[in-house]
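Look at the fold below, and follow the chain from its N terminus to its C terminus. The paragraphs after it go from the whole protein to the pairing of its strands.

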Amino acid sequence: QVRLVESGGGLVQAGGSLRLSCAASGLIFNTYSMGWFRQAPGKEREWVGSASWYHYNTYYADSVKGRFTIFRENAKDTVYLQMNSLKPNDTAVYYCAKDRSPLRPLVPTEPHRHDNWGQGTQVTDAA
């Protein structure tokens with residue numbers, strides 16, 4: 001059974017940093033691209049970025065490019081989201097999910113192309 005567990009959320013002031021973790025189990029981790037998403041109150045879930053299974057390539061939404069970094073440790077079946085220079089509008093519940101298909105050449109960004117969503121971790125502006 002595939003399971004994804006996020007951790008690392010919390011209160012953070014504007015300009016601060018947080019590192020989120022997503023620990024995976026029950027899958028061959030290094031064959032799946034992993035996505036990070038977020039959902040703010042009253043808004044749809046949006047793609048934040050992804051780490052490909054292939055050559056550790058990463059991709060980011062324009063809203064976080066240059067501030068957020070995704071990296072994965074395949075030996076630990078874990079993917080991370082390092083968030084720097086946080087802004088108030090980064091406040092959301094952050095989720096990780098895996099690509100529905102292993103070894104997909106193109107990394108998907110749509111939520112419906114992902115599954116096994118974690119429970120989410122809350123990131124809140126401390127202002």
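What follows describes a predicted model, beginning with its overall make-up.

The secondary structure of the protein consists of 11 strands and 0 helices. Read from the N terminus, the elements therefore run β-β-β-β-β-β-β-β-β-β-β, where strands are DSSP runs of at least two residues.

On overall dimensions, the C-alpha atoms fill a box of roughly 40 × 30 × 25 Å along the principal axes. The radius of gyration is 14 Å, and because a compact globule of 127 residues would have a value near 14 Å, the protein agrees with that expectation. Of the 127 residues, 47% are buried, meaning that their relative accessible area is under 20%. Among contacts with a separation of 6 or more, 57% are between residues 24 or more positions apart.

The surface comes next. The protein exposes about 6,600 Å², and 50% of this area is supplied by carbon and sulfur atoms. Its side chains include 14 positive and 11 negative ones, and the centres of these two sets lie 2 Å apart.

The strand pairing can be traced from two starting points. One is strand β3, residues 18–25, which pairs with strand β1, residues 3–7, in the antiparallel sense over 5 bridges. Within this pairing, Leu4 has Ala24 of β3 as its bridge partner. β3 also pairs with strand β8, residues 78–83, again antiparallel, over 6 bridges. There, Leu18 stands opposite Met83 of β8. Strand β3 thus has both β1 and β8 as antiparallel partners.

The other starting point is strand β9, which covers residues 92–99. How many of the residues of β9 are buried? The count is 8 of 8, so by the under 20% cut-off the strand is mostly covered.

Three pairings involve β9. Strand β4, residues 34–39, is joined to β9 by 6 bridges, and the two run antiparallel. In this pairing Met34 stands opposite Lys98 of β9. Strand β11, residues 121–125, pairs with β9 in the antiparallel sense over 3 bridges, with Val93 opposite Gln122 of β11. Strand β10, residues 114–115, is likewise antiparallel to β9 and shares 2 bridges with it. Here Asp99 stands opposite His114 of β10.

To retrace the path on the structure, start at β3 and find β1 and β8. Then move to β9 and find β4, β11 and β10.

Methods: Residues numbered from 1 in each chain as written. Predicted model: local features only at pLDDT ≥ 70, side-chain atom pairs only at ≥ 80, totals over all residues. Heavy atoms only, no water. Helix = DSSP H or I, 4+ residues; strand = E, 2+ residues; numbered from the N terminus. Rg over C-alpha atoms; globule rule 2.2 N^0.38 Å. Buried < 20%, exposed > 50% of the residue type's maximum accessible area, 1.4 Å probe, protein only. Contact = heavy atoms within 4.5 Å. Areas by Shrake-Rupley, 256 points an atom, 1.4 Å probe, with all protein chains shown as cover. Lys, Arg positive; Asp, Glu negative; His and termini not counted. Charge placed at Lys NZ, Arg CZ, Asp CG, Glu CD. Pairing = 2+ DSSP bridges.
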